[in-house]
Protein chains: 2
Amino acid sequence: MDKVNIRQVLVSVTEHWSQTIIGEANGQVFKVAKGIGETKWHKHDDQDELFILYKGHLTIQLRDRNIELYEDDMFIVPKGVEHCPKAEHEVEFLIVGLNVTSNAHGGKPNL
Amino acid sequence: MDKVNIRQVLVSVTEHWSQTIIGEANGQVFKVAKGIGETKWHKHDDQDELFILYKGHLTIQLRDRNIELYEDDMFIVPKGVEHCPKAEHEVEFLIVGLNVTSNAHGGKPNL
């Protein structure tokens, strides 16, 4: 494979809460996405989901607390844990998991 | 777990080519490290190794070409592929794989 510049790929992303695959290693899929507003509450029973923020302020709402992520913050939502990402302004992030989760089951909102 | 700020953790890293674990998800270990100079030529028969640059310019020497990485560049060294990272000035990076590889088998130089 060739190298990929994460911020350059993010420039080309136009749809919110839609993941673009940038690489795969050891069965993990590395994806980038933009978001604004919030997804639906959801959980992944098959995988942990790891976020790294590249731009903006993303709140990962959990049932018992909120995680406030800013640039270069990393957070792992463990498998089976309900969550709902929310952003007042557009955010850009890297997301790592077993497959693409930006679908109805993965909480993608009706845009 | 709590959130982790990748750049803040990197500030506390003092030894070159020594990985600090910052998280684990789906059996993958997320680590940060600093480097300067070069490691020894090595390969990992059990795992792909993914790099994301946070600071500086890192050359991943492969046997048939060099990969030049700058900030926010991502590159995956496939399992079994010989490589030798090299940096003229200090670099900071995230590295993802199955375990800590900053040891003699993983090419760590004699400092």
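Which residue of β1(B) does Met74(A) stand opposite? Met74(A) faces Val4(B).

This is a predicted model, where local features need pLDDT of at least 70, side-chain atom pairs count only at pLDDT 80 or more, and totals for chains, interfaces and linings use all residues. Residues are numbered from 1 along each chain as its sequence is written, while chains are lettered from A and ligands numbered from 1 in the order in which they are written.

Back to that strand pair. β7 of chain A (residues 73-77) and β1(B) run antiparallel and are joined by two bridges. Strands count as paired if DSSP finds at least two bridges between them. The elements themselves are DSSP runs numbered from the N terminus: helices are H or I with at least four residues, strands are E with at least two.

How do the two chains relate? Turn chain B by 180° with 0.0 Å of shift along the axis, and it superposes on chain A with an RMSD of 0.0 Å. That's what a two-fold axis does. In chain B, the C-alpha nearest the axis belongs to Gln28(B), 4.1 Å away. The fit is by least squares on C-alpha atoms of residues with pLDDT of at least 70 in both copies.

Both copies use the same surface, with 100% of chain B's contact residues recurring in chain A. Contact here means C-beta atoms, placed from the backbone, within 7 Å. Each chain puts in 25 residues. On chain B's side, β7(B) gives the most, with four residues. Here is that side by class:

| Class | Residues of chain B |
|---|---|
| Nonpolar (Ala, Val, Leu, Ile, Met, Phe, Trp, Tyr, Cys, Pro) | 14 residues |
| Polar (the others, Gly among them) | six residues |
| Charged (Asp, Glu, Lys, Arg) | five residues |

Methods
Two residues are in contact if their C-beta atoms, placed from the backbone, lie within 7 Å.
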